[in-house]
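Student: I'd enjoy a close look at a single part of this model. Please take me through it with the cut-offs spelled out.

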Amino acid sequence: MAKKRILPLLLTALLLAACCACGGPSAQDTADQEEVTNRTWKTDAYTLALPGGFAAQKGEGDAVTLTLDGQAVGGVQVVPYPDAAGLLDTLGNASEDSRDRGKELMRQLSPEERLAYMMTVSEDGTCLEISCSPDTPDATPEEEILHYLFPQGDQFYDLYFQPSQIPQDQQILLVEGFALNP
């Protein structure tokens, strides 16, 4: 009689153990997912820690769309640019070459729209920070987009978002949570 009760218990325990072993997706496996609400989005090229309320949805290649509470607020895109790290070095110079290279980058970011922008190299020298909005008299602060471009080879990984849609503390967490993988 005891053997009859033990067998179903053993089968249940084995089934439960198998389900637990499969589990849900881990933060390390997010590159293969279509959408992630885990705290980390990871690709072969970069890792992005997601603050609370954020989700990431995979786009083409290494691109991703970021949402906050279900609303699209930014993302990560790859921007081809020859000698991307070299641009960070030349932007500190007030030369015609650095201005021309900055204008070329802005055409890459927004080929159809004329933008007013301010471009600076981050304090630690690891990325290019760009604040831009439509270059029109009726542009509003809600239209501003912040870009943080991290150079790698002949491209930038562009973490961008609308600051009007994200609390400032979460903006800081997004930028500090982005890292290129070695």
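**Cysteines, then a helix pair**

Tutor: Happy to! Counting a disulfide as a pair of cysteine sulfur atoms within 2.5 Å, the total here is zero. Cys127 is buried (under 20% relative accessible area, 1.4 Å probe, protein chains only), at a relative accessible area of 3%, and Cys132 is buried too, at 4%. This is a predicted model, so local features need pLDDT of at least 70 and side-chain atom pairs pLDDT 80 or more, while totals for chains, interfaces and linings use all residues. Residues are numbered from 1 along each chain as its sequence is written, and side-chain values use heavy atoms, leaving out hydrogens and water.

Now for helix H2, residues 84-91, and helix H3, residues 96-109 (helices are DSSP runs of H or I, at least four residues; strands are E, at least two; both numbered from the N terminus). Their axes come within 9 Å and cross at roughly 135 degrees (lines fitted to C-alpha atoms over the stretch in contact, with angles from 0 to 180 degrees between N-to-C directions). H2 and H3 are therefore oblique to each other (neither under 35, nor over 145, nor 65 to 115 degrees).

In H2, Gly86, Leu87, Thr90 and Leu91 meet Ser98, Arg101, Gly102 and Leu105 of H3 (contact means heavy atoms within 4.5 Å). The residues of this contact divide into three nonpolar, four polar and one charged, with Leu counted as nonpolar, Arg as charged, and Gly, Ser and Thr as polar.

Buried in H2 are Ala84, Gly86, Leu87, Leu88 and Thr90. Besides H3, the buried residues of H2 pack against strands E7 (115-121), E8 (128-134), E9 (145-152) and E10 (155-161).

Technical notes: Buried < 20%, exposed > 50% of the residue type's maximum accessible area, 1.4 Å probe, protein only.
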